[in-house]
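Please open the model in your viewer and keep the selection panel at hand. This tour goes from one selection to the next, with a note on what is there each time.

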2 protein chains.
Amino acid sequence: MITVKTIKELRSIIDLQKSNGKTIGFVPTMGFLHQGHLSLMQTSKEKSDFTVVSIFVNPTQFGPKEDLATYPRDLERDQALCDSVGVDLIFAPEVSEMYPEGYSTYVDCEGNITKQLCGASRPSHFKGVTSVVAKLFNIVQPDFAFFGQKDAQQVAVIEKMVRELNFSVKIIPCPIVREEDGLAMSSRNTYLDTEQRKEALVLNRALKEAKKLIENGEREAEILIQRLTQVIETSKSAIIDYIQIVDVRSLESISKIEGEFLIALAVKFGSTRLIDNYRGRVGGQ
Amino acid sequence: MITVKTIKELRSIIDLQKSNGKTIGFVPTMGFLHQGHLSLMQTSKEKSDFTVVSIFVNPTQFGPKEDLATYPRDLERDQALCDSVGVDLIFAPEVSEMYPEGYSTYVDCEGNITKQLCGASRPSHFKGVTSVVAKLFNIVQPDFAFFGQKDAQQVAVIEKMVRELNFSVKIIPCPIVREEDGLAMSSRNTYLDTEQRKEALVLNRALKEAKKLIENGEREAEILIQRLTQVIETSKSAIIDYIQIVDVRSLESISKIEGEFLIALAVKFGSTRLIDNYRGRVGGQ
């Protein structure tokens, strides 16, 4: 496994792989890797000949009051983890390599898809995400790119960007990976203190409760959201940002569950904001 | 030569060419081709193995009061012209192929580079240009793309987009092609009546006059702009939109000519807005 810091080095290696007919799998990350990331890399290893992982804490997707400065970083640890699952190449550029002085080109999926859910409290977040992912796709030129379904809105936004800007990469969403007790894995979980860590379990519990209600025939989004809220409010410190049931592609709210749907939520524990979701389907194909 | 209307057809042909090791040259146009476009195609033929021309009147780069509806179109004539210079493939999609329902993803070079010169009177024009060109680059995946230097700001904006979004295409700016009497070729010249057509010659005359002054040692932008204005105002119907002397890369106004510079102007004759420019260099390398 090799780690490169510049676009030029990366490109010469990718060009060589491509000229040998190898397919490229790509896992973009902000580092501080956990089992969720590693599962993306493992899926990439299965589907492609050469797996590239980017480790880049992208400043343009953080709001002015967000945790850019304190976001956890540990490249050596990340390198060891990547190596352990057989990643071929890490791309770990400096900010100045990605955003040289005077930088001002952005890719934006305008409209509701980026304004709702996490977009409501993080107004420029997805513009930062689509811009850096567009850059990374142009740099790495992957055949496949792997994203965790935990960031369900990110997956929907990136799928829209790929479709609408005609990128030739195939996006592979991968299932949420959870701790043994059910908490969805996230680099931000390290911010939680012992009490918050325990209380954060309400998220998965609430989603499982909603799933059960749906299996028993409940179809009204309002009733499901009420129940989700009740469960989450059993935690004293939980502050709900949103709980919504939406169409999986447009992310528009739906009032009745039908076909494919997404239950998405964001909840703060202290200053740590966690997201989780459940994607399901009811009725025929 | 073959004409295709869908992205899917185009991609299968390009993929085949690429897998045979052919380099792809690309000339994006809005059709109603003239000698200027043909010179781009000829340059593409010299530099690349397989030349693709797109013919697409891109609605997102027209403002609400601009000439989208009346913009001249003649695909059969364009096909014959492309054929005459040995183009390999024409991509002529419908609007719905490029912008399906619900489309909302845009690429924008923010800041002065798109706000000045033509951007001042056409506030969303370059966002439309960068978005469609990003799409076309992803669709065609060219090695080289050829743009006319007549649209000097467009060239600077696209070079910035390619640099900042890390597209791997190489942009080749090509010299302005002029009618025998000096008018820069443009599909919009067909809008001019006989009198306007004659008066429009002041543009090239003014630029030549400025060039002469610079050769004689003039370096003050203000004095050069005064002289350009005088010459253009010898036309009774000319209405000056802008005359500016700017840095070739940032397009920021400069007060003194030094190194590489661009004199750019936009002038209306009746309802027809024409642009022209002169790019030069003074002093050492």
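In β5(B), which residue is the bridge partner of A:Thr105? Select A:Thr105 and look across to β5(B), where, in this predicted model, the bridge partner is B:Cys109. Now extend the selection to residues 105-109 of chain A, which form strand β5, and to β5(B): the two strands run antiparallel and are joined by 5 bridges.

Next, select the whole contact between the chains, to which chain B gives 25 residues and chain A gives 25 residues. Together the two chains bury about 2,100 Å², with 40% of this area on carbon and sulfur atoms. Highlight B:Thr105, B:Leu165 and B:Asn166, since these residues supply 28% of the area that chain B buries against chain A, more than any other three residues.

Then turn to the charged and polar pairs. Select B:Glu110 and A:Lys127, which form a salt bridge whose closest N and O atoms are 2.6 Å apart; the count between chain B and chain A is 2 salt bridges. Polar contacts between the chains come to 24 residue pairs, counting those with both residues at pLDDT 80 or more.

Finally, colour chain B by element. On its side that touches chain A, two or more residues come from each of α1 (7-19), β5 (105-109), α7 (125-140) and α8 (152-164), and the largest share, 6 residues, comes from α7(B). If you colour this side of chain B by residue class instead, you will find 10 nonpolar, 8 polar and 7 charged residues.

Key:
Residues numbered from 1 in each chain as written. Chains lettered and ligands numbered in written order. Predicted model: local features only at pLDDT ≥ 70, side-chain atom pairs only at ≥ 80, totals over all residues. Heavy atoms only, no water. Contact = heavy atoms within 4.5 Å. Buried area = accessible area lost by both parts, 1.4 Å probe. Salt bridge = Lys/Arg side-chain N within 4 Å of Asp/Glu carboxyl O. Polar contact = N/O pair within 3.5 Å; in protein donor to acceptor, adjacent residues only side chain to side chain. Helix = DSSP H or I, 4+ residues; strand = E, 2+ residues; numbered from the N terminus. Nonpolar A, V, L, I, M, F, W, Y, C, P; charged D, E, K, R; others polar. Pairing = 2+ DSSP bridges.
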